[in-house]
Amino acid sequence: IPEQALDRDCTTLSRHVLQQSESFSPEAQDLSAIMSRIALAGKLISRRLSRAGLMADVLGFTGETNVQGESVKKMDIYANEVFISVFKQSGLVCRLASEEMEKPYYIPENCPIGRYTLLYDPIDGSSNVDININVGSIFAIRQQQGEDLNGEAEDLLQQNGRQQIAAGYILYGPSTMLVYSIGRGAHSFILDPSLGEFILAQENIKIPEHGPIYSTNEGNFWQWDESIRDYTRYVHRHEGYTARYSGALVGDIHRILMQGGVFLYPGTVKNPQGKLRLLYETAPLAFLIEQAGGRASNGEQNLLDIVPEKLHHRTPLVIGSKEDVNLVESFISEHKRRQ
Ligand code: P6P
């Protein structure tokens with residue numbers, strides 16, 4: 001095997017984190033170990049998804065509704081439990097906050113207090129699971145800062161997205177891909193099932209400055225602010241734009257990362273703050289896309305400067321190529337100016 005091919009197969013996620021950290025400090029070792037646990041979660045979820053149609057009791061709904069008022073799918077529960085299980089007895093992460101849990105989950109045993117917090121959406125886009133369309137997991141790692149006395153993760157409500165130590169997503173598509181950043185560029189790994197390892201695919205991914213894609217649910221058109229409707233009319237009228245929307249955030253964002261363009265989930269009449277959650281959806285994605293040279297905002301403010309008011313805080317999201325995010329924001333600011 002040529003040297004570089006072997007070396008590439010050995011560039012696992014854990015090794016890459018240490019290379020990125022340019023050190024073997026305890027913090028770097030911790031981060032590498034945490035990323036390995038996240039990769040294990042991705043493997044377990046990927047395996048379950050690939051067999052979902054063949055196994056009883058994997059697809060469909062549990063009959064419950066979660067804290068978001070959404071009906072819970074069996075896969076949501078399984079994936080949520082996977083992330084908790086892979087961090088038990090790891091002594092790495094003390095607190096897990098997830099879309100599927102009203103309050104954070106604490107791992108008190110053998111865990112030095114004040115270490116890392118994992119924020120995650122275990123299966124994003126789970127409505128796609130039953131129809132075998134791609135879904136994803138989204139994660140962010142933060143350091144627990146200050147006291148969290150009443151189990152409400154109060155310290156998270158004082159931090160903006162720039163406090164994220166690492167963030168990324170796992171895309172369960174034709175191949176299972178993990179894209180992450182620890183603040184030194186955005187990098188992708190592909191799961192090689194024959195190895196059971198995520199192997200480096202692309203380093204320092206750069207999102208195009210502009211791209212042809214706009215990704216949004218135009219079914220909400222009449223619920224949007226006039227500025228967003230005017231932006232939509234603009235891309236309808238001008239050559240060179242194409243619409244792509246899967247209804248699963250991770251796949252839609254990955255397409256934008258690879259091909260350029262903009263994803264937007266604006267506020268609607270029903271959800272004025274939008275539908276997507278800051279701590280484990282929009283902030284991790286904003287962190288990653290900025291690392292790839294793109295931008296993310298809530299339409300007016302840089303997404304990474306937003307401080308949550310509560311654990312399941314929602315924000316509108318405009319994210320993608322710099323020029324395309326700027327264009328959307330110019331429609332919003334123009335309308336504000338006229339008011
Ligand atoms: P809508 C899936 O439920 C999700 O949270 C994201 O994955 C996705 O981008 C969005 O909601 C889709 O929402 O309102 O367009 O169906």
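In this predicted model, the ligand is surrounded by D124, G125, N217, Y245, G247, A248, L249, F263, Y265, K275, L276 and E281.

Polar side-chain atoms of three of these residues lie at the following distances from an oxygen atom of the ligand.

| Residue | Distance from a ligand oxygen atom |
|---|---|
| N217 | 2.9 Å |
| Y265 | 2.6 Å |
| K275 | 3.0 Å |

The ligand, taken alone, exposes 400 Å², of which the protein buries 81%.

A record also speaks to this region. In an unreviewed UniProt entry, the annotation "binding site" covers D124, G125, S126, S127, N217, Y245 and K275. Among the residues that line the largest pocket are D124, G125, S126, S127, N217, Y245 and K275.

Two of the annotated residues, D124 and G125, can be described further. D124 belongs to strand β5, which spans residues 116-124. Its relative accessibility is 7%, and D124 therefore counts as buried, since the term applies under 20% relative accessible area. When neighbours within four places in sequence are set aside, D124 contacts V135, G136, I138, A248, L249, V250 and E281.

G125 is located in the loop between β5 and β6, the latter covering 135-143. With a relative accessible area of 15%, G125 is likewise buried. Beyond its neighbours within four places in sequence, G125 is in contact with V135, G247 and A248. V135 and A248 thus appear among the contacts of D124 and also among those of G125. A248 is, in addition, one of the residues surrounding the ligand.

Terms used. Residues numbered from 1 in each chain as written. Predicted model: local features only at pLDDT ≥ 70, side-chain atom pairs only at ≥ 80, totals over all residues. Heavy atoms only, no water. UniProt positions renumbered as here; feature names shortened; annotations may be inferred. 1 Å grid on protein atoms, 1.4 Å probe; cavity = no way out; pocket = protein on both sides within 12 Å on 5 of 7 lines; lining within 4 Å. Helix = DSSP H or I, 4+ residues; strand = E, 2+ residues; numbered from the N terminus. Buried < 20%, exposed > 50% of the residue type's maximum accessible area, 1.4 Å probe, protein only. Contact = heavy atoms within 4.5 Å. Near = heavy atom within 4 Å. Polar contact = N/O pair within 3.5 Å; in protein donor to acceptor, adjacent residues only side chain to side chain. Areas by Shrake-Rupley, 256 points an atom, 1.4 Å probe, with all protein chains shown as cover.
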